Amino acid sequence: MKIYVPMDSAATALGADEVAEVLAREIAARGIDAQIIRNGTRGMIWLEPLVEIDRGDGRIGYGPVTPADVPAILDGSAESLGRVEEIPFFANQTRLTFARCGVIDPLDLDDYAAHGGLAGLTRAIAMSSAEIVQEVADSGLRGRGGAGFPTGIKWKTVAEAAADQKYIVCNADEGDSGTFADRMIMEGDPFTLIEGMAIAGLGVGATRGYVYLRSEYPDAIRVMRAAVKIARQRGMLGADVLGSGRAFDMEIRQGAGAYVCGEETSLLNSLEGKRGVVRAKPPLPALEGFLGKPTVVNNVISLATVPVIFEKGAKHYADFGLGRSRGTVTLQIAGNVKHGGLYETAFGLTLGEVVNGIGGGTATGRPVKAVQVGGPLGAYMPVSKFDTPVGYEEFDKNGGLIGHAGLVVFDDSADMLQMARFAMEFCAVESCGKCTPCRIGAVRGVETIDRIAAGDPGAADLLTDLCETMKDGSLCALGGFTPFPVMSALTQFPDDFACQKEAAE
Amino acid sequence: MLDRAQAPSTEEIREVVMPLAGLEGPLLPMLHALQDTYGLIPEGAVPVLADLLNLGRAEVHGVISFYHDFRDHPTGRHVLKICRAEACQSMGGNALAAATLKKLGVDWHGTTADGAVTVEPIYCLGLCACAPAAMLDGRVVGRLDEDRMGKLLAEVRA
């Protein structure tokens, strides 16, 4: 008998370690022949801790499990969720990037290989650099970190740059609220990220890689470091990657609690040991990146998706999707939502289908008021925009952005003026200070929203003007996109900004 | 963690950071190593790092002060980081944080009078589908309410 108990931090945050301990004790006491495997999460966070028992006829799920439930589960008398793969939330997904997450032991390289791992890297080794880059371009993969820039074009730029040293840098500074896909894949299937980085290295001619991983994710840091060590021992990394005669090795670097370091140029400065201040572009990091050398900077999900593209072929991947948004999107359904978790699917579902259909509406049972899509720099989408399909261009047309595809649901108790104020306050706290519209503008933004709250009739126009300046005049997305949540709150939820004013009049 | 009462010597600081000198971009790993060892960045580290990495002291100080993680003063025996980001707010995180601070009689970044716990804000632990969330000394906790928070606090003050 095999028993799976996730070690993902969402599961441990809900008591998975305690459940695993009691399970181990009970198994020993009863003399049962059973093995406990600490897997990643399946992504159905409302069911965590989700315990799965395989008695030889499929994996039967139980959840959320408390230590007190353990005896009944082992007796077979507890009510089960049935086969985990048949739970609709899971069964209806198209899992490409996350195919192994929650299925395998994250640190078992043989288990990884038995589930399709290393097939992509093996295929890439037999390809030329140009063929590798072309395969990524043909897949239509776009940067999953938020900007949606075509990955193939970025790789081509680095591949064609001449330099004695090039780098692959993985941006694992997943600081956006509502996003956890990076954390989930690093904790649940770390070898897929390593494999993706190795393929990127072969494609562009880089022999060294770094994962810049935020310090807020201690569990992911631990798992990634252990995985890199195993990969090196087993010849997946090092001087002779899988016997190819070509070298690629990598390190995990810990961030230090600065949100702005999720921006690629400040990330590079931070990696070099400097203040995480934004660099002006050009030069592009693809030409002058880490230590001034040509550098691919890609998000975790972008790189973790590369192996499956090479395993199944670019066309297989590109056949999913909508318009210029090819492949799958890893939706992270979060906040005040009944069925929160990670949902990987082809681009094209509407926002309403995701929030009400898949997410099941709010956790509190109250009506949905707003959904913030794309993190703290994403717009608050009102229910009236629920027919917007999930796609880069489609969201752009509706005044929003997908970003890293995190969705934070709010019920009708949310005060949108306070949410706008928080967006400005967050920008003020996290601004790197390099450019004035962001550094000063965010502070003035908080003050101006306070004036609106106090009933100042001219303050809303001033806020609009300030947001224009921040949008046009900031160097990076922190100052440039903070106006998205602020202005969407102001224009889509005017009642929250008007009541105080009317009371004052 | 070593005894915080005594400031480490130059030799001791060098001993902690020297194994990292061969890295590309070694300053952040060195600062993390120092903080892991001493619980803070010792004042004496600035000239040592400046000398070792051929940087100005102001540059080293500038890096330390830029990042929220690095401290020049000790924390309480435990550190409770409460998430303040949007997903946690949507599940009542603000009220929970306010109640916790009130109960402990501290403001953000404050340490309780008995030295048991320091409360820090954190912006997202990636536990957005089981909000509100917090982290106690590196251990994550989700779906918090006042009752569960009370249990955590009892743990640190025991």
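**Exercise 1.** In this predicted model, determine which residues Tyr67(B) touches, leaving out those up to four places away in sequence, and place Tyr67(B) in the largest nonpolar core.

*Solution.* Start with the contacts in chain A: Tyr67(B) touches Tyr212(A), Ala256(A), Ala258(A), Cys261(A), Ser270(A), Lys274(A), Arg275(A) and Gly276(A). In chain B, the contact is Leu28(B). Next, turn to the core. The largest nonpolar core has 157 residues, and Tyr67(B) is among the five members that touch the most other members, together with Trp155(A), Met186(A), Ile194(A) and Leu213(A). Another core lies apart from this one; its 33 residues include Ile333(A), Leu351(A), Val390(A) and Leu407(A).

**Exercise 2.** Describe the surroundings of Asn171(A): is this residue buried or exposed, and which backbone oxygen lies 2.7 Å from a polar atom of its side chain?

*Solution.* First, locate the residue: Asn171(A) belongs to strand β6 of chain A, residues 167–172. Its relative accessible area is 13%, below the 20% limit, so Asn171(A) is buried. The backbone oxygen in question is that of Gly262(A). Gly262(A) is also one of the residues that Asn171(A) touches, a list that includes Asp182(A), Tyr212(A), Leu267(A) and Asn298(A).

**Exercise 3.** Work out the strand order of the five-stranded open sheet in chain A and explain why β13 and β15 have one side without a neighbour.

*Solution.* The order is β13-β12-β16-β14-β15, and the pairing is mixed. β13 (341–346) and β15 (380–382) of chain A are the edge strands; each has a single partner, so one side of each lacks a neighbour in the sheet. From one strand to the next, the twist averages 30 degrees. Within the sheet, β12 (residues 328–335) and β16 (residues 406–411) of chain A run parallel and are joined by four bridges. One partnership links Gln332(A) to Gly406(A) in β16(A). Finally, helix α21 of chain A (residues 483–492) packs on the sheet, touching β14 and β15, and its direction makes about 25 degrees with that of β15(A).

**Exercise 4.** Compare Ala405(A) and Asp137(B): where does each lie, and what is the accessibility of each?

*Solution.* Take the backbone first. Ala405(A) has a positive phi of about 70 degrees although it is not a glycine. Asp137(B), also not a glycine, has a positive phi of about 50 degrees. Ala405(A) sits in the loop between α16 (392–397) and β16 of chain A, and Asp137(B) in the loop between β3 and β4 (139–141) of chain B. Ala405(A) is buried at 4% relative accessibility, whereas Asp137(B) is partly exposed, with a relative accessible area of 44%.

Note on methods
Residues numbered from 1 in each chain as written. Chains lettered and ligands numbered in written order. Predicted model: local features only at pLDDT ≥ 70, side-chain atom pairs only at ≥ 80, totals over all residues. Heavy atoms only, no water. Helix = DSSP H or I, 4+ residues; strand = E, 2+ residues; numbered from the N terminus. Buried < 20%, exposed > 50% of the residue type's maximum accessible area, 1.4 Å probe, protein only. Polar contact = N/O pair within 3.5 Å; in protein donor to acceptor, adjacent residues only side chain to side chain. Contact = heavy atoms within 4.5 Å. Pairing = 2+ DSSP bridges. Axes fitted to C-alpha atoms, helices over the stretch in contact; angles between N-to-C directions. Core = buried A, V, L, I, M, F, W, Y, C linked by side-chain atoms within 4.5 Å.
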